[in-house]
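Visitor: I would like a close look at a single part of this model, the surroundings of the ligand. Please take me through them and through the elements to which they lead.

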Amino acid sequence: MTLPYLLYIMKIALIIPRNGSENEKSFYDYKFFSKFLISRKYFSYLLAIPTLAALTPPEHEVRVFDENIEEVDYDWGADLAGISVRTMFAIRAYDIADKFRAKGVKTVLGGIHPSMCPEEALRHCDSVVIGEAEDVWQSVLTDATHNALKKTYTAGKKTDLKTCQNPKRTVLSKSKYFSDIVQTTKGCPFHCEFCSVYAYDGKTIRSKTIEQVTSEIREITSSDAKYKKKSVFFADDNIISDRRFARELFLALKQYRLNWSCQASINIAGDDDLLRLMKDSGCGAVLIGFESVSQKNLSLMDKKVNQKLDYIDAIKKIQSYGILVHGSFILGYDFDTETAFDELINFIDESKLLMPLINILTPFPGTKLFSRFDEEGRIIHKDWSKYDAKTVVFKPALMTAEELREGYKRVIEQVYSFDSILKKLNYYWGIDFWKHSNEVDPIKFKYRLLFAARLLTLLFSTKIERSKFILKILPKLFNKRVRVSTILTLMAYNDYAYTGV
Ligand code: B12
Ligand code: SF4
């Protein structure tokens, strides 16, 4: 090998910044899981990272650092650092970028936040990639090897997903994640005011081929890979946005006996055929953006797809297929008054949603909402680390920021009180909701035993409500209707509701 060739080989560090400060909790952080399992684990990786690894020619050495599960090794000797940035961890990403640059490492930021705020990001890096990496990553690498990085690289066209290689997941510490992430489509034809997806990914639905998706699934599940199958989360904004494609996808997934979940629009409730295929192919849960129980708010959001449907009927219909509905809600939209909190609590109680995700309205940069609030002088600050959907960063219309924050806290405390959790669990066990999952993926006795033993260790603490809950739950743990992962998730949400806000 000649010296000039060696000069073109780089050590590339790909980085996922920590999501929130070290001890901070959220619905999405899985910190409780790590503590409970006495092992540092996280929900999943950012799919952008194995995507970048796949786009990187094999002569380069790639190492991934995910701060959610490991420390970044600034002394590894990287020539180039690529960091994926979302708004809630932009400040942390800038800290990491500053540290790399202080060591003379060329640093590139990409992802939705730098794409929406490139000038701000450029204060902390050598280059910003605006848009999708597929179109420009090769140029970035070539320019970096020639020490000629440009300030910005803008993806000229939306990537044709059918031409994409599979993300290279072998660069990840797979055993540290609970779930794999697979994306089959990009884009959204709707334009909800608070969302950046249509602005970033475009209005036209682009999809991979079914063969591409199944080949990713085979890589994930293949026994000779260094990791084993767990569960798959489909990162599509709406898995049924192209129904013909969705139908083919669900038919193709069936043979892999996966346990998968996804995001979909509420109108899935009207499609029995698709619901049946989803269930048959292993779908256990679907995350639906209900956003608000107020029609006025839904109109203002321009969330058209939600406006004509009865939420309770839709939830009942979807759950009748054994697919758990995770509803996502936003508090603080312009028509919310102090009654909004009780309305949401009552709705969740009536609909028996087991794991609702409740967010404080957050005007992310690049959304129509951000522009409106900015024009109206309602953005309180731009400390992105507080754009975490649990902090109020804008002036609400019909209440104060403190009232919104207190109301949010009251809702999650109520919804995730152990009394409320137990009441709902008893309902779901009563109807044998997880019958199908328990048949195809039964929980081994040893796992129930380990779970029970770990719960026992938590019994003698100052958390009286938790101890009472544990005492009530212990005798049920060996009932085959009970799935321990559901209990663990609900305990994590309780922990967040009472100690994380
Ligand atoms: C899957 C997903 C989730 C999963 C997370 C799983 C995970 N580990 O990623 C779940 C459901 C848990 C979730 C939760 C939330 N999410 Co979310 N989520 C998504 C979703 C639908 C897909 C993300 C994805 O995997 N895309 C596929 C990858 C390949 O695309 P990508 O990351 O954009 O990467 C490409 C480019 O951006 C670029 N790129 C990215 N990084 C880098 C780095 C470099 C160096 C380069 C060169 C290029 C580059 O190249 C990549 C390849 O083309 C996006 C919407 C979307 N369509 O992107 C929202 C999205 C990321 N989520 C969002 C939000 C707000 C949230 C929540 C707050 C909940 C909520 N209210 O919506 C929570 C917060 C969680 C948290 N604290 O992190 C926002 C973020 C907005 C922002 N400005 O940061 C998005 C954009 C949706 C939206 N509503 O606007 N989410
Ligand atoms: S919230 Fe969902 S439906 Fe609305 S624009 Fe975003 S991705 Fe599309």
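Guide: What follows begins at the ligand and moves outward to the sheets and a pair of helices. The model is a predicted one, and everything below should be read with that in mind. Around ligand 1 there are 36 residues, and the closest of them are Ala48, Gly82, Ser84, Gly110 and Gly111. Two or more residues of this shell come from each of α3 (48–55), β3 (80–84), β4 (106–110), α5 (112–116) and α8 (197–201). By character, the residues of the shell divide into 18 nonpolar, 13 polar and five charged. Because domain 1 (3–154) and domain 2 (178–415) both contribute residues to the shell, ligand 1 lies between them.

Two of the elements just named, β3 and β4, belong to an open sheet of six strands, which runs in the order β2-β1-β3-β4-β5-β6 with parallel pairing. At its edges stand β2 (61–66) and β6 (152–154), each of which has a single partner strand, so one side of each is left without a neighbour in the sheet. On average, and with direction ignored, neighbouring strands of this sheet are turned by 20° against each other. Within the sheet, β3 pairs with strand β1 (residues 11–16) in the parallel sense over four bridges, and Leu80 in β3 is the bridge partner of Ile12. Helix α3, which also gives residues to the shell, packs on this sheet and touches β1, β2 and β3, its direction making about 165° with that of β1.

A further open sheet, likewise of six strands with parallel pairing, has the order β7-β10-β11-β12-β13-β14. Here the edges are held by β7 (179–182) and β14 (357–360), each with a single partner strand, so that one side of each is left without a neighbour in the sheet. Its neighbouring strands are turned by 20° against each other on average, direction ignored. Strand β10 (residues 231–234) and strand β11 (residues 259–263) pair in the parallel sense over three bridges, and Val232 has Trp260 in β11 as its bridge partner.

Finally, there is a helix pair to consider. Helix α9 (residues 210–221) packs with helix α10 (residues 243–253) at an angle of about 35°, with their axes 10 Å apart, and α9 passes α10 in a right-handed crossing. In this contact, Ile210, Val213, Thr214 and Ile217 of α9 meet Glu248, Leu249, Ala252 and Leu253 of α10, and these residues divide into six nonpolar, one polar and one charged.

Methods:
Residues are numbered from 1 along each chain as its sequence is written. Chains are lettered from A and ligands numbered from 1 in the order in which they are written. This is a predicted model: local features need pLDDT of at least 70, side-chain atom pairs count only at pLDDT 80 or more; totals for chains, interfaces and linings use all residues. A residue is near a molecule or strand if its C-beta atom, placed from the backbone, lies within 6 Å of it. Ala, Val, Leu, Ile, Met, Phe, Trp, Tyr, Cys and Pro count as nonpolar, Asp, Glu, Lys and Arg as charged, and the others, Gly among them, as polar. Domain bounds come from an automatic or database domain assignment. Axes are lines fitted to C-alpha atoms, for helices over the stretch in contact, and angles run from 0 to 180 degrees between N-to-C directions. A crossing is left-handed if the near helix is turned anticlockwise from the far one by less than a right angle, and right-handed if clockwise. Two residues are in contact if their C-beta atoms, placed from the backbone, lie within 7 Å. Two strands pair if DSSP finds at least two bridges between them.
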